[in-house]
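Hi everyone, thanks for coming. I'd like to walk you through a model with two chains, so have a look at the screen while I talk.

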2 protein chains.
Amino acid sequence: MRKANLLYAQSGGVTAVINATAASVIETAREHAGSIGTVLAARHGILGALGEDLIDTLALSAEELRALAHTPGGAFGSCRFDLDAPEANPTQYDRLFDVFDAHDIRYFLYNGGNGSMDAVAKLAAAARGRGYPLVSIGVPKTVDNDLVGTDCCPGFGSAAKYVALAMLEAGLDLAAMTSRIGRVFVLEVMGRNAGWLAAATALAARTPDEPPHIVLMPEVPFEEEPFIERVRATVERLGYCAVTVSEGIRRADGSLVMEQAHDRKGHVQLGGAGQQISRLIHARLSYKHHWAIPDYLQRAAGHLVSATDHAQARAVGRAAVEFALAGHDGIMAAIRRMADAPYAWSIEPIDVAPIANLERLVPREFIRADGLHVTDAARRYLRPLIEGEIVPPFAGGLPDYPRLQLVPVPRRLAAYAVR
Amino acid sequence: MRKANLLYAQSGGVTAVINATAASVIETAREHAGSIGTVLAARHGILGALGEDLIDTLALSAEELRALAHTPGGAFGSCRFDLDAPEANPTQYDRLFDVFDAHDIRYFLYNGGNGSMDAVAKLAAAARGRGYPLVSIGVPKTVDNDLVGTDCCPGFGSAAKYVALAMLEAGLDLAAMTSRIGRVFVLEVMGRNAGWLAAATALAARTPDEPPHIVLMPEVPFEEEPFIERVRATVERLGYCAVTVSEGIRRADGSLVMEQAHDRKGHVQLGGAGQQISRLIHARLSYKHHWAIPDYLQRAAGHLVSATDHAQARAVGRAAVEFALAGHDGIMAAIRRMADAPYAWSIEPIDVAPIANLERLVPREFIRADGLHVTDAARRYLRPLIEGEIVPPFAGGLPDYPRLQLVPVPRRLAAYAVR
């Protein structure tokens, strides 16, 4: 009898710890060699499944897997691609199940965010409808921390640690450089709709006078006057002011604060909110102004990940394999918080269909009444997620990240054009 | 007899290791308590000397100094302020020597870049002219690495490590996210006239196919066509392209590539070259594009400094005190390289007058013939400067940087309005 193979794929924006999840999935599957044949990895997420572009992870040694667990980026490639509805594009699903069947795939683990959970729900339903013996599992991952049903998302804790650390260090620089005419620093962090990363920068401050002095989140409509007044009051008191801005902040009329630009498909390209806010302050108050946009750096900082986040990234990978073997189909391996301090958590399976495509925003009780900062409740939630440090091995002054040789699985089917 | 006090001050953009120099100066002076009275620190550089705004470092414990040595920013505050020429503004010098005399200051150590070395030269000459017994010493510091007379500048190695690490990690993210239409990532680093930090990102690549694929330095006039062709060729080969851009790159006509904006004094505010280059690529080639601007983060990253840089920052501080006691006046504590590999270096005194206000640019032999990357000679020069890792103590998920209580020295003179 041929073994039941497991297909693992990465989707959406990658993180500093998604490869820790990948390594954990592969390692755990190897512990269950009696039940699981080979772990195949799709190149660039579901696109690799459609294109029959698969990697044989058996070629990766135990040592390589250990190194992979400390490497940022997505070792097998990620994608931003949504499956069509089964009724709208049945040939897409025909193709997927042809690929699954050709490679004896009986388990599908999709490591991603909201869109990936939608794909898991669709595939689980489609498999049941077709009578194909597939177990589909969602493995959470997103620096945006906006998945519903899990207390937090692997990838977020390390990005949160990065942005809090960035605000702490830039704040020390800012304080040293304070000039007689006032100085502001604006840190733009990721977050189109959810302000979780912006909120996390609040962890840099030990007192209300320490940076960040203002945190702008997409959950709160941006109002210029109270914001400018708060900047002015801060500079008058301290000589400087540090502001965190989510890339996706909007005005009360719904318009984005960032400069608008659209790519060819009409998607809005963000990235300018920090610059706009910095220039607004300069135009209104004539302070010296600097802004930083870490962009990819905040989600790729494998050089100093949160040990908590790393442990959770590994745990959801292990649990996903174990849930799959236990026959849980159409579920996500979710993190449940048992206590804030000392922090305690566990992994549990939750149905993926009700939570797919939902977004968990920063709740009102985590946002200060004036909308310009976070509350202590937010700090209690956030603090444990950034705790603990893991530094990868270094060589020649830089992290010694492996460049893995990926071995492709020979194709068994005709080519397929992804639409 | 009253002891000869030492005045230490920080100037220009701060770095991840300037406080290591400060701690080393104070610790070394304490070892010479028979010759040096108290180490005073000026708040905000020479402005603090003019304003008689001084700190008594005797209040700092040995433990606090050890923590200070691992804290980014500038503990005593920095400034961007050039002394006038003595003949143009003699009252400025009258004031400085009044402050020095009132506080028994016989040693002045100025920790900064080109402008600070000019101040050291001016003060040394002025003291001799007035017969005031002052020994003036320059202590190098700048992430720009553009001081003449020293093989490298403390602060540069850690910033270089940061930007190389940023390119390495962002490059892994970029590779994972590659889309079918091509993707570019642009990292903008500091460097108005000198491309040292841009060049350092080349250390991230182990092969020519690894990021960064293109390095744009201010030493090379930016030409759009060959650049765009190189981006296109890279994306056609790999699917993606990573570009490093110095903030100060210029076209052949001398115009800055970044968006121009001027502050009220007419100083150009840089910060947009990365964005401009990213948008240019998108406009010309329609690739997806991301850009990052670490800004302050690249020079404040105390969470992972170069051990080489840290050792040199401490060594120039120690040597500066020892040179002062040996009566070297009007000199800078310079780093001399004895060998690339294994890296060997020493500290020596060099006359500051001939090198003040000069700028050391990246030499031609470090720039590839096509002007779009660096040479192996550059890599041999740069590599040792980023080697070794020092991670500060962490608490609650973030570096446990001390917030020092600074004790002001009582004023003995009338107030003075800095002009």
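Let me begin with how the copies are compared: they are superposed by least squares on the C-alpha atoms of residues with pLDDT of at least 70 in both. Please keep in mind that this is a predicted model.

So, how does chain B lie on chain A? A turn of 180°, with a shift of 0.0 Å along the axis, lays chain B on chain A with an RMSD of 0.0 Å. The two copies are thus related as by a two-fold rotation axis. If you want to find that axis on the screen, look for Ile293(B): of the residues of chain B, its C-alpha comes closest to the rotation axis, at 2.4 Å.

Now to the interface. How many residues of chain B are in contact with chain A? There are 54 of them, and they touch 54 residues of chain A. On the chain B side, helix H6 (156-177), strand S9 (288-292) and strand S15 (398-399) each supply at least two residues. H6(B) gives the most to this side, with 13 residues. By character, the side of chain B that touches chain A divides into 30 nonpolar, 13 polar and 11 charged residues. And do the copies meet through the same surface or different ones? They meet through the same surface, because 100% of the interface residues of chain B are also interface residues in chain A.

Next, a single chain, and I'll take chain A. Chain A has 11 helices and 15 strands. Along the principal axes, its C-alpha atoms fill a box of roughly 75 × 45 × 40 Å. For 419 residues, a compact globule would have a radius of gyration near 22 Å, and chain A agrees, with 22 Å. Buried residues make up 59% of the 419 residues in chain A. Of the contacts in chain A between residues at least 6 apart in sequence, 75% join residues at least 24 apart.

Last, a helix pair inside chain B. Helix H1 (residues 18-31) of chain B packs with helix H10 (residues 307-325) of chain B at an angle of about 35°, and their axes are 7 Å apart. The crossing, as H1(B) passes H10(B), is right-handed. Residues in the contact include Ala22(B), Val25(B) and Ala29(B) from H1(B), and Ala313(B), Gly317(B) and Val321(B) from H10(B). The residues of this contact divide into nine nonpolar, five polar and three charged.

That's my tour, and I'm happy to take questions.

Terms used: Residues are numbered from 1 along each chain as its sequence is written. Chains are lettered from A and ligands numbered from 1 in the order in which they are written. This is a predicted model: local features need pLDDT of at least 70, side-chain atom pairs count only at pLDDT 80 or more; totals for chains, interfaces and linings use all residues. Two residues are in contact if their C-beta atoms, placed from the backbone, lie within 7 Å. Axes are lines fitted to C-alpha atoms, for helices over the stretch in contact, and angles run from 0 to 180 degrees between N-to-C directions. Helices (H or I, at least four residues) and strands (E, at least two) are DSSP runs, numbered from the N terminus. A crossing is left-handed if the near helix is turned anticlockwise from the far one by less than a right angle, and right-handed if clockwise. Ala, Val, Leu, Ile, Met, Phe, Trp, Tyr, Cys and Pro count as nonpolar, Asp, Glu, Lys and Arg as charged, and the others, Gly among them, as polar. The radius of gyration is taken over C-alpha atoms; the globule rule is 2.2 Å times the number of residues to the power 0.38. A residue is buried if 20 or more other C-beta atoms lie within 10 Å of its own, exposed if 12 or fewer, and partly exposed in between; C-beta atoms are placed from the backbone.
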